[in-house]
Structures are given as structure tokens and as C-alpha cells.
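This briefing introduces a structure to a reader who has not met it before. Please look at the sequence and the model shown here before reading on.

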Amino acid sequence: MYPIDALVRDLGEVPSTTDPAIIKRKSRDHFVISPLLRSALSGNLADIVVSPRTKTEVSLSVAAAVRHRIPITPRGGGTANYGQSVPLHGGVLHDMIDYNRVISIGDGVIRAEAGANMAIMDAQARKAGWELRLHPSTIATSTIAGFIAGGSGGLGSAMYGMLRDRGNISALEVMSAEEQPRLIEMTGDDLELVHHAYGANAIITEVAMPLAPAWSWRECIVAFADFASALRFGERLVRETGIVKKVSSVHEWPIPKLMRELRDVVPEGRSMVICLIAQPCFASFQSMVHEFSGDIVADNGTGENPFGAPLFEFVYGHGLRQLQKTNSAYTGLQGMFRGAELFGSIERVRSAVSRDEPMRLEIFWSEGEIVAMGSPLISYRDAAQMAEMVALIQASGGVVANSHATGVHEVGIKRITTRDVDFKREMDPFGLLNPGKLNLDGVKTSTLQTAGWKFRARA
Ligand SMILES: Cc1cc2nc3c(=O)[nH]c(=O)nc-3n(C[C@H](O)[C@H](O)[C@H](O)COP(=O)(O)OP(=O)(O)OC[C@H]3O[C@@H](n4cnc5c(N)ncnc54)[C@H](O)[C@@H]3O)c2cc1C
């Protein structure tokens, strides 16, 4: 359908392959985590995988694809969980992982090429006394541009807020999809245009991220007699700004029992909070645990726990992955509860579901406010059951992002304004970037509909 032979001739020295096995592997991300996306997205394949190694090669391959009007889907580590990097209209899978140098570290900022692996960036920053402020639980395989274009926050959000919060990205260099690609350096509120846009309005070529001092981290599990105490503690831990932490993740019993590696760690009937605490704050943390009548049932240095994975691989999307080892039908929703009604709305949801649907929530900052993100654990039956849970959370005072849809509008994490429409047209005049993901008409095609997350409007 597309003139792939002509494209390959124009690519010259830029590596590419049409090997069906590689195309199949690279045309997938982690959408299988969603029962609704599992069947909807399988079968979408690129026609060719192109792997630029330098900015010149990125530019050359983009120019060649645009010249032949072939769609371009950028890909980093391929860990996205909504099918963000699945090519819906074939074409070029633009694999960025060989374009991956760390360019500079200093003055509290790290700058790297788009395909830089986040764990390598963190390790290099630590050698200079710094560490990444924010990273997803998929840090081991994620690229920095994939995180900016596909992610929303994660480890560190309990201290610094979400990626979209001002100050959490320092700068981006992006490339247009034109026959003569242009490079633009973006800062300030303009960063919002590209963040969480799934590479559908620009190709990120370089990323500058703010750093924090490198801490020694203690990985802890705190057990509580009941969910309400665990939730109060988890929220207070985030509010306690002097205690440096990476995560505060609240899991109602029987979730500890349903995570194979933790089932003998947390006593029967008790809910748990998973926390990563900076070593110098540990004594104050212990005092807080005592005040809330909790028990620290696991406490290990980074990389020293006996659970087969760092504790941050038991929270956010990884928490669900751990639970799916026990029952592949488990799923959840990205509900968000905030403000004065945070506890009230969570309790309303809890009182309406059965005790077989225990709550999982991460607590962190967003726009200067504490929020709890998560939902009851759902044993998936059908789309109608999911729609009922969406309705329950929304009626209880929460908002829901659609983690079972693949378009930017449907997912509902990125706010789309007329500036986004203008930017998309300017940077991608032929509509070739990741087509099908950022539909400017706003039409929603997902079988599950949610109202999306709400954020304060910016002028
Ligand atoms: C188990 C699990 C846990 C997760 N935990 C978290 C979490 O804690 N926090 C979080 O935010 N997310 C999380 N995610 C989602 C995902 O892992 C992250 O967002 C991750 O950072 C994506 O990086 P990646 O390199 O794998 O991107 P990819 O999956 O390769 O791509 C993600 C998106 O970015 C686009 N993209 C990639 N490179 C570029 C580029 N150079 N220019 C423009 N667009 C580009 C792709 O087209 C795609 O739309 C999780 C996913 C799973 C499966």
C-alpha cells in the first residue's frame, strides 16, 4: 500500500528492516494489560521498522517518510499501556532506542537524546550526585521521550507532582513532520502541547529534565489494621513535605495476599502501604508509622529486598501486573479522587462494591493538591461491568481517565485546546504522525466512555 521500496532507497545508510518477526514485536506495546484493548489492537502492524542513530538520521528518515506520505509512529521502549505506540495505519515504526546518548548532566538538569533509557540516565546522574525526580515503574525499559509522550507521572509524584505539573520537564527539542523537518526548542507552558500527545504532533529529539539530589532509598511495607487507617496514613505521608519519599501506595486487604511475592509478608486481614523513603528521613517516618498504629513489616535498602523485583514494581501499572500473575482477569481503572472530598468519595465507592473488589490507590501531588489515583480491583467479565464501575466512581465524586482506550481524547489525561489543534497542523501538515491517536474532531470510538481527568485551565 505504501511505497516502501522507494522509502528504503531514500533511507540510504539509516538502518531499517521488514523482517516480519521484528515488525510484529515492535508493533506492540503493553496494551495487553487491558482486557478491552487486548482484542481491539492485536493485528495492527507497521510495514517497516526504521532505527535512526543520530539526529541527522532522524531527520533524514522523517523527511523520506513525509516525501512518500507514509505514516510515522515513534516508538521508545514500547512499555505504553494504552497502545500509544501501536501503528493503527501501518507505515514506518520509528524506533528511537538507538538514538540514546546522555548529552549533559549538570546544574540540576540532565539532557538526553529521545531514545535514552531512563534507568541508564538515572545511573549516570547518580554518579554526579543527582537522580531523576520522576520516573515510571517501567524505568528499566522506558525511554525518556516515551515517558514524556506517553506517560503521566509515577515514582517521585508523591514529592513533585505529575509530569504535566509546571517545572517537571525543563525543555524539549522537537522535530516537525515535513519534507524539510524543522527543529523547535520548547519550554514553559508550551511543553504541555507535546506531553501525553503520543508523538502525534511532533517527534521529540531531545529532552531536558530537572534532577533531585541522589538519595539512598529504603523500600518499606507498612501494615495497618484496616483500609481507612492505611489510607489516612498514605495521605498524611504525602502531606508531610519534610519526609522525602518516592511513592505512597495504598492496598486494601486481600491485595497483599493476591501478590505472590508479598503474601507471607503482610499479616492476614491487614491493608498495606508501600513506600520508598529517603534514608535521612527514616527515623521521622518511623515516628509517623507509630502515630498511625502501623507496623513496618518489610524494610530493605534499594535492590536488597527478597521479592524478586524492586518494590516500585509493585505499584502503579506494575501493581496490576503482579496481581495478574495470580488471576489474568484482574484489571482496574484510573479513577482520581481529590480535594476536600478525597476521603468521602473513596469511601462512597468502597461502600458500594463487594469486599472481593479491594481498593488500590497511589497518592501524590497534582496542581498543588493531594490526589489519590486508582480504583477497586476488578475481576473482568465484560465491558458493561467496566462501564458500571466508571459510573460509580464518577457518581461518587471521582473522575476517571480511560486506561482502556487508545486515543488521546478518549484516555482523557491531556487537555486539548485550540492551541493543540494549531500546533498539530503546523508540525504535521500531512497528518502522518501516529495517525488515529489525536483525532482533532474529538470523536471518541472507545467502547468504554469516561469523562476524563479534570485539571485547572491555564490561560
Ligand atoms: C506495567 C506498567 C507500568 C507502568 N507504570 C507507569 C508509571 O508509573 N507512570 C507512567 O507515566 N506510565 C507508566 N506506564 C506506561 C509506560 O510504561 C510509560 O509511560 C513509559 O514511560 C513509556 O515509555 P516508552 O519508552 O516505553 O514509550 P513507548 O511505549 O515506546 O511510547 C509511548 C508513546 O510515546 C511515543 N513516543 C515514543 N518516542 C517518541 C519520540 N521520540 N517522540 C514522540 N513520541 C514518542 C509513542 O509513539 C507512544 O505514543 C506503565 C506501563 C506498564 C505496562
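The points that follow concern the surroundings of the ligand and one sheet with a helix lying across it. The model is a predicted one. In it, 39 residues surround the ligand, and an open sheet is built from 8 strands.

**Surroundings of the ligand**

- Among the 39 residues around the ligand, the closest are Gly76, Gly146, Gly150, Gly199 and Gly317.
- Two or more residues of this shell are given by each of strand 3 (72-75), helix 6 (144-150), strand 10 (203-213) and helix 12 (316-326).
- Helix 6 provides the largest share of the shell, namely 5 residues.
- By residue class, the shell comprises 23 polar, 13 nonpolar and 3 charged residues.

**The open sheet**

- The 8 strands of the sheet follow the order 14-11-13-12-17-18-16-20, and their pairing is antiparallel.
- The edges are formed by strand 14 (295-301) and strand 20 (399-401); each has a single partner strand, so one side of each is left without a neighbour in the sheet.
- From one strand to the next, the twist averages 25°.

**Strands 16 and 18, and the helix across them**

- Strand 16 (residues 334-338) pairs with strand 18 (residues 369-376) in the antiparallel sense, over 4 bridges.
- Opposite Met336 stands Met373, a residue of strand 18.
- Helix 14 (residues 383-395) lies across strand 16, strand 18 and strand 20.
- Relative to strand 20, which is one of the edge strands, helix 14 runs at about 140°.

Notes
Residues are numbered from 1 along each chain as its sequence is written. This is a predicted model: local features need pLDDT of at least 70, side-chain atom pairs count only at pLDDT 80 or more; totals for chains, interfaces and linings use all residues. A residue is near a molecule or strand if its C-beta atom, placed from the backbone, lies within 6 Å of it. Ala, Val, Leu, Ile, Met, Phe, Trp, Tyr, Cys and Pro count as nonpolar, Asp, Glu, Lys and Arg as charged, and the others, Gly among them, as polar. Two strands pair if DSSP finds at least two bridges between them. Axes are lines fitted to C-alpha atoms, for helices over the stretch in contact, and angles run from 0 to 180 degrees between N-to-C directions. Two residues are in contact if their C-beta atoms, placed from the backbone, lie within 7 Å.
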